[in-house]
Amino acid sequence: PREILPRVSTGTGSTVITNIGELVTNDPATGSGLGILRDAALVMADGKIAWTGPAADAPAADASFDAAGRAVLPGFVDSHAHLVFAGERAEEFAARMSGQKYDGGGIRTTVERTRVASDDDLRANVRRLIGEMARQGTTTVECKSGYGLTIEQEERAVRIAAEFADEVTYLGAHVVPAEYQGDTAGYARLAATDMLAVCAPHARWVDVFCEQGAFDADQAREILRAGIAAGLRPRVHANQLTEGPGVQVAVEVDAASADHCTFLSDADVDALASSRTVATLLPGVEFSTRQPYPDARRLLDAGATVALACDCNPGSCYSSSMAFCVAVAVRDMHMTPAEAVWSATAGGARALRRTDVGHLGVGARADVHVLDAPSHIHLAYRPGVPQTAAVWKAGTQVR
Ligand code: NIG
Ligand code: FE
């Protein structure tokens, strides 16, 4: 990705963060949970974590940063975002808050605005939102297409996403555009053939909105399998608005993630628990659409892997705050603060099948989030309060 974040310090050598009150490593080597070290230090060099351990044993480095007893976490991994768009839909949100139902219909409004926007306007929007995320501690961002819905417009969206995002997803099968009204099968075929062919070189993932009013199970399978054949890996928008086939299709194709998981049958929970497919919960969406929250406890108790992400988009959730998602997950979805923080970091990495982010083990990318708080619990305990003190992405300080 192009460099979009201001560098706070330009030092290229090693940096030691000293005096860390609570270091959340998520290091798998420390067993399950957050892998917390107390009174710790961390050294980064060449963009990677080089050392972690007791503050008293910290090796010298070229630069040093005093954490003053605060908590240090891996940067958030936001594994679900739709950032290539123009315009906004504040009126739609206001109408929902007074009773209007969310059915995805507003997506077409954003498609109209996006199609007439210039490349540079779209670039500016993606850059703005990824910058906003970084200032809140998010150091890995996935970004989808899906507001173009023609061959040329989807190609443009994945190409622009690839300039900025860590992970790019082709979502030509977001909804059926107005020109294909009444011919969902025809549009699904386009998304699985010519549109896919021009988008695949810019993307790593293929996604489908598998839902009543969008694409059914057969169409989703066709598009996901075509994507896999073109070298992409699958992920699915599943079970957001009703119980449906999305989760089963996701598990069937070994999708890295089934996203939303708001309405699940027992069979869906079992399928997730006995697969590698992560259940990515997007609590900002339920907050912003007044839907019931997904049942995180049921998934965790069954043994499924849960990730938390923002789903930042102009319709169903216009928030880029992972801290907000953590707070809602703890307060209203009955996740413990430790579970929620793990899901927003290591869980997001699992949902992207990445082993180099989401933890602070030696060798991981040096994505480091210093909180202005003594413990990770404060993310949920002090909702709405900015608590990001400093951020490094791949060893470069961006806040
Ligand atoms: O993840 N569910 C479909 N797509 C997005 C919303 C897009 C929009 O409303 O603009 C989602 O919720
Ligand atoms: Fe989404």
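**Figure 1. Glu339, a buried spot in helix H13.** Start with Glu339: 22 C-beta neighbours sit inside 10 Å of this residue, so Glu339 counts as buried. Keep in mind, here and in every view below, that this is a predicted model. Glu339 belongs to helix H13. Now look for Ala329, which is 10 residues away from Glu339 along the chain. The C-alpha atoms of these two residues are 9.2 Å apart.

**Figure 2. Helix H12 meets helix H13.** Two packed helices are described by the angle between their axes and the distance between the axes. Here H12 and H13 (residues 337-351) pack at about 145 degrees, and their axes are 9 Å apart. The crossing of H12 past H13 is right-handed. On the H12 side, the contact is made by Met322, Cys325, Val326, Ala329 and Val330. H13 brings in Pro337, Ala340, Val341 and Ala344. What classes do the residues of this contact fall into? Nine are nonpolar, and there are no polar and no charged ones. An α-helix has 3.6 residues a turn, so residues three or four places apart point the same way. Try spotting that spacing in the lists above.

**Figure 3. His334, in the loop between H12 and H13.** Follow the chain from H12 towards H13 and you pass His334 in the connecting loop. His334 isn't a glycine, yet its phi is positive, at about 60 degrees. Is His334 buried, partly exposed or exposed? With 15 other C-beta atoms within 10 Å, His334 is partly exposed, because being buried takes 20 or more and being exposed takes 12 or fewer.

**Figure 4. Four residues that UniProt lists for a binding site.** An unreviewed UniProt entry lists His80, His82, His237 and Asp311 under "binding site". They are spread over 232 residues of sequence, but they cluster in space, with a largest C-alpha distance of 12.1 Å. Zoom in on His237 and you'll find this residue in strand E10 (residues 233-238). His237 is buried, with 30 other C-beta atoms within 10 Å. Beyond its close sequence neighbours (up to four places away), His237 touches several residues, including Asp207, Cys210, Asp259 and His260. Asp311 sits somewhere else along the chain: in the loop between strand E13 (306-308) and helix H12 (322-332). Asp311 has 28 C-beta neighbours inside 10 Å, so this residue counts as buried too. Leaving out neighbours within four places in sequence, the contacts of Asp311 include His80, Ala81 and Leu282. So His80, from the UniProt list, is one of the residues that Asp311 touches.

**Figure 5. A second set of UniProt binding-site residues.** The "binding site" annotation (unreviewed entry) also covers Tyr147, Asn313 and Gly315. These residues are spread over 169 residues of sequence, yet their largest C-alpha distance is 11.4 Å. Tyr147 lies in the loop between strand E7 (138-144) and helix H4 (151-164). Tyr147 counts as buried, with 32 C-beta neighbours inside 10 Å. Which residues does Tyr147 touch, not counting those up to four places away in sequence? They are Val84, Phe85, Thr110, Val111, Thr114 and Ala157. Gly315 lies in the loop between E13 and H12, and with 24 C-beta neighbours inside 10 Å, Gly315 is buried. Further along the sequence than four places, Gly315 touches Arg89, Glu92, Gly106, Ile107 and Thr110. Thr110 is thus a contact of Tyr147 and of Gly315.

**Figure 6. The surroundings of ligand 1.** Ligand 1 is surrounded by 14 residues, and the closest are Ile107, Asp311, Asn313, Gly315 and Ser316. You've met some of these names already: Asp311 is in one UniProt binding-site list, and Asn313 and Gly315 are in the other. By class, the shell has four nonpolar, nine polar and one charged residues.

**Figure 7. Gly106, a contact of Gly315.** Gly106 lies in the loop between helix H1 (90-97) and helix H2 (107-115). Gly106 has 21 C-beta neighbours inside 10 Å, so this residue counts as buried. Setting aside residues within four places in sequence, the contacts of Gly106 are Arg89, Glu92 and Gly315. For a sense of scale, find Ala60: Gly106 and Ala60 are 46 residues apart in sequence and 55 Å apart in space, C-alpha to C-alpha.

Technical notes. Residues are numbered from 1 along each chain as its sequence is written. Chains are lettered from A and ligands numbered from 1 in the order in which they are written. This is a predicted model: local features need pLDDT of at least 70, side-chain atom pairs count only at pLDDT 80 or more; totals for chains, interfaces and linings use all residues. UniProt positions are given in the numbering used here, feature names are shortened, and annotations may be inferred rather than shown by experiment. Helices (H or I, at least four residues) and strands (E, at least two) are DSSP runs, numbered from the N terminus. Two residues are in contact if their C-beta atoms, placed from the backbone, lie within 7 Å. Axes are lines fitted to C-alpha atoms, for helices over the stretch in contact, and angles run from 0 to 180 degrees between N-to-C directions. A crossing is left-handed if the near helix is turned anticlockwise from the far one by less than a right angle, and right-handed if clockwise. Ala, Val, Leu, Ile, Met, Phe, Trp, Tyr, Cys and Pro count as nonpolar, Asp, Glu, Lys and Arg as charged, and the others, Gly among them, as polar. A residue is near a molecule or strand if its C-beta atom, placed from the backbone, lies within 6 Å of it.
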